[in-house]
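Let's take a friendly tour of one protein structure. Have the sequence and the 3D view ready, and follow along as we go.

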Amino acid sequence: MSEDVPSLIRENTQLRQRIQYLEKVEQSLRETEQRYALAMKGANEGLWDWDPVSKELYLSARLLSTIGMGKDTIKTTSSEWLQWVHADDRERYQKVLCRHLKGETEFFRCEYRVKNNNGGYFWVLAHGLALRNENNVAYRMVGSIGDITERKNYESKLLHQATYDHLTGLPNRVLAMDRLSQALTRANKNQTSVGILFVDLDNFKKINDTLGHEVGDQHLQEISRRLGYCVYGDDTIARLGGDEFLVILPDRKANDEISDICERILRTAVQPVLINGYELSTSASIGITVAPKDGQDPVALLRNADAAMYKAKAVGKDAFRFYTREMEHETVFKFTMESYLRRALSQNQLSLSYQSIIDASSGKIMGAEALLRWSCPEYGQVSPDQFIPLAEESGLIVPIGDWVLEQACKQAAQWTELLGEPFKIAVNVAFPQFRDGHLEYTVKRVLRETGLKPDALELELTERLLMEDERGCGEALKHLSDMGVQLSIDDFGTGYSALNYLQKFPVDTLKIDRSFTAELSVTPESPALISGIIQMAHALGLKVVGEGVELAEQRDFLQQKSCDYFQGYLFSKPLPAEHFTELLQAQLQQG
């Protein structure tokens, strides 16, 4: 019996120790639950605890307060919680949750919208982790939910800025190309077509340059608004930049539908826009390509529509044209020629020929017109009618024009020294050369470097150039005239022939177009027209050059009508500088 007492004491002590341990464990669990409850109640983010088996879901006070449930904690079910999730996000939410429960993802993470107490929705980011048993089966999930509405709004703002034009509010090029890709995919599925319209406003630059960009921007906004009335709900209007727009017409089955929309666009584009007291009018040129007939690559289709748009401009603007395969060849040729032209200047492929200008009273050469020539290794001698417009369009005319001016003035200075008397050189200039005072600066520099007197330089302008930018050209031409540089209007009578330009601009000379000279003995009206031009010019104090003189009777008629100068094959074809020098030397020998 005495031997059992120590054993009982030991057992009793161990029992008390176990009870004390269990009491500590129980106390620790109660403290853990209290801390968890406090955390659930006081956390800045909403906390949740979910039982995947019973589907019971516990939500923290922070989350409940946000969504309008006015309790500290609440026990609900996952299916009831799903009703608070935005309908458009429920399927994605359940898929992400299911993948995590299956163990396919290490953590649960999902962004979705939750209904708030005002009936609206806010964005949340939910994190979670599944607790698993030895069989890797999830028996519990815990996690947090944070309000990310402000971040999502900021992301939405950035996305809008990245995909929409800030001026017009229309989709920009990035979004337009994405929508075009979607439209092409849908068209393939539905066996329909997609119409792609490249819309360019005609003469819009004149509004910007004469009235300022603020007025130009308002004009673009109004045109953008009007374009919206020309299309239907699923169609897209995008601004590509400047005055260029892209219209995407998905699920079209006939070209007639596309043509009808183009007609509406043309009609609305020409309607005047009243801004700050100015009544502004522009027309539109539209190029059309249709997928899948013309291709299915978005970039290639846009290029096709652009090529068709230029064809619409070529026929007189205010028109639309459908893309054809021939246009593709023209586009490739144009691109190739531009790349060759870019290297022509650096590789000395450009040269000048000079055609003499004859004084009608003395019959002597008093000057020459510098004519640009291009000998291309791949295409041979390229006509100026082909490469000059390309140079103007690409901007290459500015460096090329500078080179022409430098070479012509340098050569004229040498011929002035040879003759011992003034020698006039005429140089053609294009509108891009006038921008930002470039031409004035270049003329001053070239005259200074070559020593040529200003009145020995004559700049030849076209009537169309004067129409391009009346105010900008007028200021530049006045400055050049004040310097002593002579100004002439080339091909007079073939362009706009607005007589008010002869009063507005400081013109010194008119050049009667060769077409009138050629028709002298053919068309009864030509002699009267030429006589009228000469009389009018002289009444305004202007000199007159008769171009295209190839026959003696043409020369005699012009001389009889007191034309001041002649130019044409009767006297000399355009010659390289060395051959023209020989012509001048022969004239010197004749006295």
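## Helix α10 and what follows

In this predicted model, G316 comes just after helix α10 and takes a positive phi of about 120°. The helix itself covers residues 298–314, which makes 17 residues. From its first C-alpha to its last, α10 reaches 25 Å, close to the 24 Å expected at 1.5 Å a residue.

Which residues of α10 are buried? They are P298, A300, L301, L302, N304, A305, A307, A308, M309 and A312.

## The nonpolar cores

Here is a useful idea to keep in mind: in soluble globular proteins, nonpolar side chains tend to be buried together. In this model, the largest nonpolar core has 76 residues, and W374, I425, L457 and L459 have the most contacts inside it. Helix α13, residues 397–419, gives the most to this core, with eleven residues. A second, separate core has 31 residues, including L170, I207, L266 and V290.

Now zoom in on I425. Not counting residues up to four places away in sequence, I425 touches Y354, A368, A370, A408, A412, L452, A456, L457 and E458.

## A look at T450

Find T450 in helix α14, which spans residues 438–450. Is T450 buried or partly exposed? T450 is partly exposed because its relative accessible area is 23%, and buried would mean under 20%.

The side chain of T450 reaches the backbone oxygen of V446 at 2.8 Å. Leaving aside neighbours within four places in sequence, T450 is in contact with E406, C409, K410 and A413. T450 and K410 are 40 residues apart in sequence, yet their C-alpha atoms are 5.4 Å apart in space.

Notes:
Residues numbered from 1 in each chain as written. Predicted model: local features only at pLDDT ≥ 70, side-chain atom pairs only at ≥ 80, totals over all residues. Heavy atoms only, no water. Helix = DSSP H or I, 4+ residues; strand = E, 2+ residues; numbered from the N terminus. Buried < 20%, exposed > 50% of the residue type's maximum accessible area, 1.4 Å probe, protein only. Contact = heavy atoms within 4.5 Å. Polar contact = N/O pair within 3.5 Å; in protein donor to acceptor, adjacent residues only side chain to side chain. Expected span 1.5 Å × (residues − 1). Core = buried A, V, L, I, M, F, W, Y, C linked by side-chain atoms within 4.5 Å.
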